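Here is a short walk through one protein chain, written to be read with the model open beside you. Take a moment to turn it around, and then we can go through the details together.

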Amino acid sequence: MLLLPLWLERRLELAAAPVITGSFWLLAVLVCIKIQEPLVKALVLGGILACCLLLIFVNIRHWRQSLGTPGVLLIAAITSYLVIGALVSLFGSAELRARDVLHQAFFLLVTLAAILGGRQLLERVGIEGLVKGLVIILMVICAVVAASPLLEDIGLLPESRLGRATGTFTGSYDAGFIGCITLGLALALLYRGRLLRLAYPALALGYAAIFLSISYTSMLTAVVITGIFLLLNVGRLRSVLLPTGVALVMVAVTLLYVVITVPSFTGTSLKPTARVETALSTTQLGQIKEMTREARGDKGNTLRRRTVLWQLGAEKAWASPLVGNGLYQMRTLEGSFLNPEGIPIGVHNIYLLLLGEAGIIPLALFLLALFALARVLMIRSGLLARDVIIAWMVIMALFAMLFHHLLTNGVYNFFAGLSCAMAAFLAQEQSKQALS
């Protein structure tokens, strides 16, 4: 590595500081914009790629201390998934498309940039500065999600194909995920009594995005993390029940107003979408085929549909558990339900997706990364960061069980990488305190 004079190295670091800060915050915004209009999509993807390359290039010298154990394991999991899955597709019977490889490499860059950029930003502004910036950005995104039916009606946003509040996202699960991430941050701030002027509106907007997106997974996650928060505050319930109750009332009033007044939320918009229709084409899985027929008549039972998908996915994954079936082979399952475009949907479980597409190695590395993140429970310093990581871990664990986007979608990869950066920062802070 090229050795520079100390004074020059410091000058370069000072010059790089605004680049790191600006690129990181711009990346945080851009990963949440998924409008499919060609020009907007091209500009957003170009911006994300530029931010990622800048963050990686500027911080690559500090990669060892920046990644930490969780980050190394997460990057290894995504890399092994990409490499093994691509090789299996290339030398096996599955079709290997360059677009699929490039997409996954793109998500790998987002994860690495979130870890390296987030870690360096934490060194400069601390955990409270990072959380403050994230809360402000997430509040704006959640407000856009909540107001998206109105914005669609006046032409500022493209009409949602699902008839739900999705904001700048293409799917309700993405909008609900951002709502849950915002809710987790707000609850961590309330629990520690920090930045309360931001925590209360963030709480309300997080709930609004979750419930207006009509994502069952997000609603379940919101109930779980709110329940955990209330249990942790059982000794001081009077101080937290009031803001929580006010936020929920605001959400209920907002939801009632939107349903009554906004045309896109009336009529058939709240009915189940075409994804619950089944594609009972030729399949050798007799038992699964019968379950799919039964689920077809039970359009309101999301868990039942997920069970069908998991069993279809498990059958396919266990056909080749060591190296999997190839990239993107679990994204469409024969005999599963149709999405609105009439294409069979995927396994909706990240663990089965990793096992079914690239085998046991990326799955084992991903589980080890989650275990390494869980070790923050043992850290007694930096309690706000620890609480944020714990809240996000609960959210990501639930979404990993019910969706297959956790490592294959920019917004999920960004927050997974940022969690690793915060964990590495906490570990370093604890080591410093132990030495002092």
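Let's start with Ser215, which counts as buried because its relative accessibility is 4%, under the 20% cut-off for that label. This serine sits in the loop between α6 (196-212) and α7 (216-232). Its side chain has a polar partner: the side chain of Ser218, at 3.0 Å. Please keep in mind throughout that this is a predicted model.

**The chain as a whole**

Stepping back, the chain holds 14 helices and 0 strands. Read from the N terminus, every element in the run is therefore an α, given how helices and strands are assigned here. Of the 436 residues, 52% count as buried.

**α6 and the residues beside it**

The helix that leads to the Ser215 loop is α6, with 17 residues. From its first C-alpha to its last it reaches 24 Å, close to the 24 Å expected at 1.5 Å a residue. Several of its residues are buried, including Ala199, Ala202, Leu203, Gly206, Tyr207, Ile210 and Leu212. After α6 comes Ile214, which has a positive phi near 55 degrees. On the other side, the loop between α5 and α6 holds Leu195. Phi of Leu195 is also positive, near 45 degrees, in a residue other than glycine.

**A helix that bends**

How far does α4 span between its end C-alpha atoms? The answer is only 38 Å, whereas a straight helix of 56 residues would span 82 Å at 1.5 Å a residue. If you follow α4 along the model, look at Val125, where the helix bends by about 105 degrees. Just after α4 you will meet Gly155, with a positive phi of about 85 degrees.

**A nonpolar patch on the surface**

Now look at the stretch that comes before α4. Leu96 lies in the loop between α3 (63-91) and α4 (98-153). With a relative accessibility of 31%, Leu96 counts as partly exposed, because that label covers values between 20% and 50%. Leu96 joins Val83, Leu87, Leu90 and Phe91 in making a nonpolar surface patch of about 490 Å².

**Salt bridges**

Side chains of opposite charge can pair when their charged atoms come close. The count for this model comes to 7 salt bridges. Three of them are set out here, each with its N to O distance.

| Basic residue | Acidic residue | N to O distance |
|---|---|---|
| Lys34 | Asp174 | 3.2 Å |
| Arg97 | Asp100 | 2.9 Å |
| Arg331 | Glu357 | 3.1 Å |

Which parts of the chain does the pair of Lys34 and Asp174, joined in a salt bridge, link together? Lys34 is in the loop between α1 (6-30) and α2 (38-59), while Asp174 belongs to helix α5 (residues 172-192). These are distant parts of the chain, 140 residues apart. Both Lys34 and Asp174 are buried.

The pair of Arg97 and Asp100 has its two members in unlike surroundings. Arg97 is partly exposed, since its relative accessible area is 34%, whereas Asp100 counts as buried at 3% relative accessibility.

The salt bridge of Arg331 with Glu357, at 3.1 Å between the closest N and O atoms, also links distant parts of the chain, 26 residues apart. Arg331 is in the loop between α10 (302-317) and α11 (350-358), and Glu357 is in helix α11. Both Arg331 and Glu357 are buried. Elsewhere, Arg192, Arg386 and Asp387 are joined into one network by salt bridges that share partners.

**More from the loop between α10 and α11**

The loop that holds Arg331 has further residues to look at. One of them is Gly346, in the loop between α10 and α11. Is Gly346 buried or exposed? Gly346 is buried, because its relative accessible area is 1%. In sequence Gly346 and Phe403 are 57 residues apart, and in space they are 8.8 Å apart, C-alpha to C-alpha.

His348 has its place in the loop between α10 and α11 as well. Phi of His348 is positive, near 55 degrees, in a residue other than glycine. At 9% relative accessibility, His348 counts as buried.

Note on methods. Residues are numbered from 1 along each chain as its sequence is written. This is a predicted model: local features need pLDDT of at least 70, side-chain atom pairs count only at pLDDT 80 or more; totals for chains, interfaces and linings use all residues. Side-chain values use heavy atoms; hydrogens and water are left out. Patches are made of residues with over 30% relative accessible area and no salt bridge: like charges are joined within 9 Å, nonpolar side chains (Val, Leu, Ile, Met, Phe, Trp, Tyr) within 5 Å. Accessible areas come from the Shrake-Rupley method with a 1.4 Å probe; for residues, only the protein chains shown count as cover. A salt bridge is a side-chain nitrogen of Lys or Arg within 4 Å of a carboxyl oxygen of Asp or Glu. Helices (H or I, at least four residues) and strands (E, at least two) are DSSP runs, numbered from the N terminus. Buried means under 20% relative accessible area, exposed over 50%, partly exposed in between (1.4 Å probe, protein chains only). The expected span of a helix is 1.5 Å times one less than its number of residues. The bend at a residue is the angle between axes fitted to the seven residues ending there and the seven starting there. A polar contact is a pair of N or O atoms within 3.5 Å; within protein, one must be able to donate a hydrogen and the other to accept it, and residues adjacent in sequence count only if both atoms are side-chain atoms.
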